[in-house]
Amino acid sequence: MMIEITSPEELRDLLGAPMPRAVAKERAALHPRDRDWLAASPFVLVATSDAEGNCDVSPKGDPAGFTHVIDDHTIAIPERKGNRRADGFHNILANPHVGLIYLIPGRTETLRINGRARLVREAPFFDEMVVKGHRPQLAVVVDIDTIFFHCAKAFLRSQLWQTDTWNPDVLPSHACLVKEVQPTKESLAELEEYYRPENYTKQLYAV
């Protein structure tokens, strides 16, 4: 039998009071160490929701330092050529609130930023976000509300960075998964060729 939690009071009674340090860690502006983290991070998860609360989380990645710091309260995330679904971007147009989690490979802490986003199709700082000759199609500009470091427990429990726990072949290839779970006119051989690393990587910064 499932027993649901239906009130903030019930939740707090179950979890207990937060540690004072956890409450006090939020900041409203970038600290120099936040800037250092953004300069070292090649990967961010961007969480959005539409006006009805339907959620989406999208990964974004580029060479370390890809996030452009505009000032102590504002950052910009470049968008490269992709599958053109634009789920998160549609959400931002309907509801600007976003949550970001920045990772550094091998580090078990993360940097979390919550704020309000807007889509920008052109800005002078686009020239600073060129990678392999590819200028961003657009940028997500985030006005920071809160920023803080998140502790290491989730990464330690999951052993995410411990290579001896990795088993990438536990599931079939991505081409096999695509063929199995979605309708597609391509044959499995064609999909395997398309997703072959040396072919797929050529598309990352195609103009």
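How exposed is R27, judged by its relative accessible area? Let's work up to that one, exercise by exercise.

Before you start: this is a predicted model, so local features need pLDDT of at least 70 and side-chain atom pairs count only at pLDDT 80 or more, while totals for chains, interfaces and linings use all residues. Residues are numbered from 1 along each chain as its sequence is written, and side-chain values use heavy atoms, with hydrogens and water left out.

**Exercise 1: R27 and its partner**

Task: Classify R27 and the residue it forms a salt bridge with.

Solution:
- Step 1. Get the cut-offs straight: buried means under 20% relative accessible area, exposed means over 50%, and partly exposed is in between (1.4 Å probe, protein chains only).
- Step 2. R27 has a relative accessible area of 24%, so it is partly exposed.
- Step 3. Its partner is D34, with the closest N and O atoms 2.5 Å apart. That fits the rule for a salt bridge, a side-chain nitrogen of Lys or Arg within 4 Å of a carboxyl oxygen of Asp or Glu.
- Step 4. D34 comes out at 0%, so D34 is buried.

**Exercise 2: More salt bridges**

Task: Find how many salt bridges the whole structure has, then look at a few.

Solution:
- Step 1. The search of the whole structure turns up 13 salt bridges.
- Step 2. Take R85 and D87, whose closest N and O atoms are 2.8 Å apart. R85 is exposed at 56%, whereas D87 is partly exposed at 30%.
- Step 3. Next, E109 pairs with R107, at 2.9 Å between the closest N and O atoms. E109 is partly exposed at 25%, and R107 is partly exposed at 43%.
- Step 4. Finally, E122, D127 and R135 are joined in a network of salt bridges.

**Exercise 3: Two helices that cross**

Task: Describe how α6 and α7 cross, and say which residues make the contact.

Solution:
- Step 1. Locate the helices: α6 covers residues 174–181 and α7 covers residues 188–195. Helices are DSSP runs (H or I, at least four residues) and strands are too (E, at least two), numbered from the N terminus.
- Step 2. The two axes come within 8 Å and cross at roughly 135 degrees. Axes are lines fitted to C-alpha atoms, for helices over the stretch in contact, and angles run from 0 to 180 degrees between N-to-C directions.
- Step 3. Name the angle: α6 and α7 are oblique to each other. Under 35 degrees would be roughly parallel, over 145 roughly antiparallel and 65 to 115 roughly perpendicular, with the rest oblique.
- Step 4. On the α6 side, H174, A175, C176, V178 and K179 make the contact, and on the α7 side L188, L191, E192 and Y195 do. Contact means heavy atoms within 4.5 Å.

**Exercise 4: Following P105**

Task: Place P105 in the chain and find what P105 touches.

Solution:
- Step 1. P105 sits in the loop between β5 (97–103) and β6 (110–120).
- Step 2. At 53% relative accessibility, P105 is exposed.
- Step 3. Leaving out residues up to four places away in sequence, P105 touches P42 and W161.
- Step 4. Compare with I3: P105 and I3 are 102 residues apart in sequence and 38 Å apart in space, C-alpha to C-alpha.

**Exercise 5: The whole chain**

Task: Sum up the chain by its helices and strands and its buried share.

Solution:
- Step 1. The chain has eight helices and seven strands.
- Step 2. Of its 207 residues, 33% are buried.
- Step 3. Along the principal axes, the C-alpha atoms fill a box of roughly 55 × 55 × 40 Å.
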